[in-house]
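Visitor: I would like to go through this model with a few questions. Please keep the reasoning short.

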There are 2 protein chains.
Amino acid sequence: MISRSLSRFVVESSWRRIPDALRHEAKRSIVNVVGTALGGSGDAAARRSAETLAPFSAPAEATIIGRRERMSCLDAAFVNALAGNVFDFDDTHPGTIIHPSAPVAPPLFAFAQRRAMSGAELLHAFILGVEIECRLGNAVSPFHYKRGWHITATCGVFGAAAAIGKVLGLDATRMLWALGNASAQSCGLVETLGTMAKSVGVGQSARGGLLAALLARNGVEGPERPLEGPRGFLQVMGCDPDLASLAAGLGERWELPRNTYKPYPCGVVLNPVIDAVLSLREQSRIDLGPVPAERIAGIRVFGHPLLGERADRPAVASGREAQVSAQHAVAVAWLDGRAGFGEFSDARVQARDVLALRGKVSVHHEAGHGVDGARVEIRLGDGTVLDQIVTAARGSSGNPLSDAEISAKFRTLAAHGCPGFDPEPLLDALWRLDEAPDAGSVIALAAFG
Amino acid sequence: MISRSLSRFVVESSWRRIPDALRHEAKRSIVNVVGTALGGSGDAAARRSAETLAPFSAPAEATIIGRRERMSCLDAAFVNALAGNVFDFDDTHPGTIIHPSAPVAPPLFAFAQRRAMSGAELLHAFILGVEIECRLGNAVSPFHYKRGWHITATCGVFGAAAAIGKVLGLDATRMLWALGNASAQSCGLVETLGTMAKSVGVGQSARGGLLAALLARNGVEGPERPLEGPRGFLQVMGCDPDLASLAAGLGERWELPRNTYKPYPCGVVLNPVIDAVLSLREQSRIDLGPVPAERIAGIRVFGHPLLGERADRPAVASGREAQVSAQHAVAVAWLDGRAGFGEFSDARVQARDVLALRGKVSVHHEAGHGVDGARVEIRLGDGTVLDQIVTAARGSSGNPLSDAEISAKFRTLAAHGCPGFDPEPLLDALWRLDEAPDAGSVIALAAFG
């Protein structure tokens, strides 16, 4: 009775019993994903999808983050989820590698502009949606992603359905139908990663989950066991799914506190490498005065085997490819003193100084590093050796971003995606979302153009 | 290069080279599915889905079959595909058990009301869409359905994308992207069968395929190998997929001629049983005069093992359940002289005469029968034994429905779903679809209410 248990849990959950720390983590997740949506709003995949849907989108009720036009809540859910995830710069649930917020927060905000809800209502539904999404992800991991399912999309549709079901006040049976209608739409393939089609799966997960709950409210019935049934989600898209822990400790053990936020818009294995280079650059500046790249003889990067497998990429042709190149990440971090969107642009990939320094970087395995750790060793022409070990990269579970760092990331993303937009009123309203009487008017502050 | 080959095939196909018999089969499929959509248009799943989507549906451009309102082409694709398949009374592609037309014809008709196309254009795109859909189904069968994928929905989204891509005139690269955007949306679980959630998957396959092609036209790019790539559709949702035959004989060997049309709105294993009972009833009426059910001592049904596995169901509670009860099918076929919607209604399930006769029916395995064959033996109280063997049930590959029978089925469906609707103008226009200058005005004849 897993489907029933999860449904009942969502229906019966009460805001009063949500711990403060969990409420706060929900705000951190939401600030982060609205930020990544602002940053992604101008991306071609987002723009072209919005343009494709525009002729069919009515009423003009819901804000498209970072854009001027409004669309139906269904289409806004699609476009905003897409924009939030398009750069893979959003949050990560370790273990499953789900990006939890993109499929869940955008449909809630979009629906909040259709049917009034408080910020607390939205946060509560968000916490529950992420819980369902990540618990399902846990149950089918690691098989599911390895097999080729884009887990953010496949599990996200259930999170969105549960979240919207909660704000609709569905009873347990209709909540079960919402999960059933979500199961009929669970989709997303890893083959599409690195292309715009990935975003079609993510957008659809948000839209599909919202639709699933609306259908359930209107009496579109689903099966009794959409999740654990013999031809249901867990059995078909999992392999020996972990059913025992799926509904254990509901309301006591939560998934959202495990959420992490990416500090750099690139492959997560590069985080400790960039940290180490930025730290070396700062130290050397103090110790030796500014060190021009010409004085560098070689840079050796040491880390976990995954680092070499995923990111030992000396030659790169595009910004997208540079996001998984240790050589590129090291070069721009040293040269520019940061690793943001600008440093992973096509232009920077072609730049002569980056090209020259990239050629001096090599990647090596070294025992003792976890995926969140790395060591970087810089040899200067005069024989000086600079060396830095990082054990818990910024943004990892062991070294989470502070609220201030998440705010800074938000501002950077806003500046990248929406130059000229003043992010402060929105940022301030999001940090006080739990006190907002009307969540819809908060997201309306994300309109721009 | 399977994805590229299929894309190029669709792009390069020319109507002039489509054989006449294939063109005619396309019309048979389309008459059949528009008929089942008329019949299903009043079903609760169709009505509730349409009502859920209505507040978000604009412009009012595309006919909802059997209803008065118009919706956007995306939503009309969803609702009409749902209605066409809701009773599982539509067509069947043997081997895969795909219902090919429901995901492909409705988006084409809906889009024809947005962008003018001739009947021939529509038929051509339909033939190609069904070809892609069924070839993909062949490649992943039988694993795919057995594993729990609702193959009509999972493969249908590709058929719809290819068909719409064709009428959009996409080039080969954009057609490939359309398949990629479809792959990101391929979904549908067998666990939902027997509930309204099944229809959510089927509706989404039609809508998703249409959207996939529209996105591709607007430059939303997909991967190079959405089908055969290591994390693409065939590998993730198949097991050891038959890649060799997938793109072999394109344009020479076609799938649509294998399509079959159901004569009765119930499980396909019951077709030969109903045929046998109707035949016995007719014979006995001539030989013995009308034989009242009270004179029947017992009825034994013999068939393929699947008959017993799927349909040995003496007690049934609902019309939906009666669709897979041999006992019920035998009883109503004898009592009513037909096996249509009325005979599989909740009311008929509860009727005293049906209840009494159902109790006299037993199901047995007998060697020598295929799934399209059965034997029925009726013992009368006076010792007379009536016996009938059927080797190729009506509607099977060996005994296809004639055009006249498909027309008769169309009329019956229209009368069931839309009492008072005159089906003749629509029926006539559909049979002459290849000559129609404007396919959109043909489907506009399906509006009612």
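Guide: A residue counts as exposed if 12 or fewer other C-beta atoms lie within 10 Å of its own, and as buried if there are 20 or more. The model is predicted.

Visitor: Which residues are exposed on the other side of α19(A)?
Guide: Helix α19 of chain A spans residues 424-431, and its buried residues are L426(A), L427(A), A429(A) and L430(A). These cover an arc of only 165° around the axis, so they lie on the same side of α19(A). The exposed residues on the other side are P425(A) and D428(A).

Visitor: What covers the buried residues of α19(A)?
Guide: The residues to be covered are L426(A), L427(A), A429(A) and L430(A). Their cover includes three elements of chain A: α2 (20-40), α18 (403-417) and α20 (439-443).

Visitor: Which are the edge strands of the open sheet in chain A?
Guide: Four strands form this sheet, with mixed pairing, in the order β6-β5-β7-β8. An edge strand here pairs on one side only. The edge strands are therefore β6 (361-365) and β8 (385-390) of chain A.

Visitor: Which residue of β7(A) is the bridge partner of V301(A)?
Guide: Strands β5 (296-303) and β7 (374-380) of chain A run antiparallel and are joined by seven bridges. In β7(A), the partner of V301(A) is V376(A).

Visitor: At what angle to β6(A) does helix α15 of chain A run?
Guide: Helix α12 (271-288) of chain A lies across β5, β7 and β8, at about 40° to β7(A). Helix α15 (326-336) of chain A lies across β5 and β6. Its angle to β6(A) is about 125°.

Conventions:
Residues numbered from 1 in each chain as written. Chains lettered and ligands numbered in written order. Predicted model: local features only at pLDDT ≥ 70, side-chain atom pairs only at ≥ 80, totals over all residues. Helix = DSSP H or I, 4+ residues; strand = E, 2+ residues; numbered from the N terminus. Arc of directions from axis to C-beta. Contact = placed C-beta atoms within 7 Å. Pairing = 2+ DSSP bridges. Axes fitted to C-alpha atoms, helices over the stretch in contact; angles between N-to-C directions.
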